[in-house]
Structures are given as C-alpha cells and as structure tokens.
Amino acid sequence: MCNEKNDVEEKLAKSLTAESTNLLPFLPYLLQDLWELGSNPSDIIKLMQKHFTDLGKRKILDLACGKGAVAIRIAETLKAKVKGVDIIPEFIEFAKIKVIELGLNAYSQFIVGDINEVVLEEKDYDCVILGAVGDVLGTPKETLMKMKKTIKPYGYMIIDDVYLDCEDTIQINNKKHEYLTYNQWHGLFEETGISVVDWLINHADHEQNDSNTQAIIVRAMELTKLYPQHKELFEGYIESQKSECEDLENNLIGVTWLLKIK
Ligand SMILES: C[S@@+](CC[C@H](N)C(=O)[O-])C[C@H]1O[C@@H](n2cnc3c(N)ncnc32)[C@H](O)[C@@H]1O
C-alpha cells in the first residue's frame, strides 16, 4: 500500500476511534444504529441562525459529513443548500436515503470522496463545516489553512472539536492525539488570521454516550459470532469507545467554533 493511502486510512480509522485499519471494513456495520457520529447538529444550527443572514441563499460544505446528520438537519431546518462529502460509501448511501425520505433533494447533495482532495477543488462556499474529524486534514494549522480556501472572502468556518480542560495531559486516555488548550486554539486563530465570531461549549452527555456504546457492543457481539478470529479487534474497539467517552466526560471540553477570516 502506498504511503499516502496508508496515511488516509490510518487517519480515517482514528477519526472513528478505531485503533487499527483492520477494523475499517467493519465500521459501517458497527455504527449502523447511530446517525449522529460526532458533532451536535443543534449547536451548529443555533450558531447559523444567530449569525447568518439570508439562510435560504447560503451554500454550505460539510467535510467528512459522516451519515449526513448535520448537513441534513441544516437543509431541513434552514433550507440552505448543503453538500456533504465522506470517504465511507455506506455512510453516503445512508445520507442519500434520508434525503429522499425527508424530501430534501433540492437542498442537499452527498458525494463519496477524500476531503484532502475535495478541499483543493471546492470553492466559494458561504460556510464550511468540519465536525469531529480530528487530524484528517493535517495539523490544526494546516486544517484551518485548507478550510479557508473553500469559502468566499466573507465566508464562515465551523469547527467542532475539543480543548484540554487543563494543561496537564496526564489524565488523558488517548495519548496519541495532541489536544490543544483553549489558549492554544486562540493563538492559532490569531496566527492564521482568523477571528472567533462565537462558540458553544458541548457538555458531554453521559446517557447518550452510554446508549451509543451499548448499541456498538451489540453489533460487535454479532460480528464476533460471524468472525471469531477478529474477537480481539472488536473488543479493542469497544475499549477505545469507552476510553474516548471517559476523556470527553472528564478531561476534554467539546467546543463548536464559528470562525471568520479577518
Ligand atoms: C467522527 S465522524 C464525524 C462525522 C460528522 N462530521 C459528524 O459530526 O457527525 C468522522 C468522519 O470522518 C470521515 N473521514 C475520515 N477521513 C476522511 C477523509 N479522508 N475524507 C472524507 N471523510 C473522511 C469518516 O468516514 C467519518 O464519517
């Protein structure tokens, strides 16, 4: 496998809390009961309603849109035009079915693609969203620079991510990811010529996290019966899910930034 493909696959696995790329073929099955895969659609919609004018005329790009939970809610609630891109074909298929069910064809388009390529081609959006995607586009600085290129001069960027609750990283389970503190995020915005228009803190919802994990456990048990040779792989995924939830509940603060180019 060439290095570039390897890197995309490793980051894809990481974006969905999988420790190993061997889990990739099983992720659509494991996550089949969940629609929302990361960011909170209502927070993003709240920020748009508060700050955007002429919502019906706005063009929004949702990078790594998962199953379209955010983009479809935007199309449904705000009647803005959305384009969602994700690399997992089953997720895009799911989104397309939802669009038909909800009669939102006129407002939404979903395509399978690698966002590393998409950010080089897509331009002139009123807003670009990156929700719970981690380091798929590179370091936080590289990510911001790439996102900037997809929007109009006065366009917005929405990033759903986390910051470290305190400088001390000792408590963090996921030592492989380099989390920024609140001040480091602000330093980065300053350095890249971006201003923070608004932000919302997302408090971890223990009950919701628990119910998501339970749904994944049931699917992992089904897969273990079919593929007993991968038992450890599935068990490892559940452990990663639980440890991510612990980090989100104890050590990290979820945040949705609404940003603009200065
Ligand atoms: C945690 S999910 C978040 C999904 C969605 N943004 C949300 O908030 O519900 C991360 C998503 O990133 C997608 N992803 C990872 N690497 C990608 C890439 N190179 N190109 C497109 N999508 C990618 C995954 O398939 C997955 O759907």
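**Exercise 1. Find which exposed residues sit on the face of α10 turned away from its buried side, then work out how the buried residues are arranged.**

*Step 1.* Start on the outside: Glu232 and Asn250 are the exposed residues on the face of α10 turned away from its buried side. Keep in mind as you look that this is a predicted model.

*Step 2.* Now list the buried residues of α10: Phe234, Tyr237, Ser240, Gln241, Cys245 and Asp247.

*Step 3.* Look down the helix axis. The buried residues of α10 fall within an arc of 160°, so they line one face of the helix.

*Step 4.* Next, see what lies over them. The cover of these buried residues includes α2 (27-30), α9 (206-226) and β7 (252-261).

*Step 5.* Finally, check the length. Helix α10 (residues 231-250) has 20 residues, and at 1.5 Å a residue it should span 28 Å; the end C-alpha atoms are 29 Å apart, which agrees.

**Exercise 2. Repeat the analysis for helix α5 (residues 89-102).**

*Step 1.* Begin with length this time. The 14 residues of α5 reach 20 Å from the first C-alpha to the last, close to the 20 Å expected at 1.5 Å a residue.

*Step 2.* Pick out the buried residues of α5: Phe91, Ile92, Phe94, Ala95, Lys98 and Val99. Around the axis they cover an arc of only 155°, which puts them on the same side of α5.

*Step 3.* Turn to the other side of α5, where Pro89, Ile97, Ile100 and Glu101 are exposed.

*Step 4.* Identify the cover: the buried residues of α5 lie under elements that include α2, α4, β2 (81-86) and β3 (108-112).

*Step 5.* Step past the helix end. Gly103 follows α5 and has a positive phi, near 65°.

**Exercise 3. Describe the largest nonpolar core and the contacts of Leu63.**

*Step 1.* The largest nonpolar core holds 56 residues, and Leu63, Val128, Ile129 and Ile158 have the most contacts inside it. Helix α4 (residues 69-78) gives the most to this core, six residues.

*Step 2.* Zoom in on Leu63. Leaving out residues up to four places away in sequence, Leu63 touches Val85, Ile115, Val118, Val128, Ile129, Leu130 and Val133.

*Step 3.* A general rule to keep beside this picture: in soluble globular proteins, nonpolar side chains tend to be buried together.

**Exercise 4. Which residues are closest to the ligand, and how does its shell divide?**

*Step 1.* Of the 26 residues that surround the ligand, the closest are Gly38, Ser39, Ala64, Gly66 and Gly131.

*Step 2.* The elements giving two or more residues to this shell are α1 (3-15), α4, β2 and α6 (115-121). The largest share, four residues, comes from α1.

*Step 3.* Sort the shell by type: 16 residues are nonpolar, six polar and four charged.

Definitions and conventions. Residues are numbered from 1 along each chain as its sequence is written. This is a predicted model: local features need pLDDT of at least 70, side-chain atom pairs count only at pLDDT 80 or more; totals for chains, interfaces and linings use all residues. A nonpolar core is a set of buried Ala, Val, Leu, Ile, Met, Phe, Trp, Tyr and Cys residues joined through C-beta atoms within 7 Å. A residue is buried if 20 or more other C-beta atoms lie within 10 Å of its own, exposed if 12 or fewer, and partly exposed in between; C-beta atoms are placed from the backbone. Two residues are in contact if their C-beta atoms, placed from the backbone, lie within 7 Å. The expected span of a helix is 1.5 Å times one less than its number of residues. The arc is that of the directions from the helix axis to the C-beta atoms. A residue is near a molecule or strand if its C-beta atom, placed from the backbone, lies within 6 Å of it. Ala, Val, Leu, Ile, Met, Phe, Trp, Tyr, Cys and Pro count as nonpolar, Asp, Glu, Lys and Arg as charged, and the others, Gly among them, as polar.
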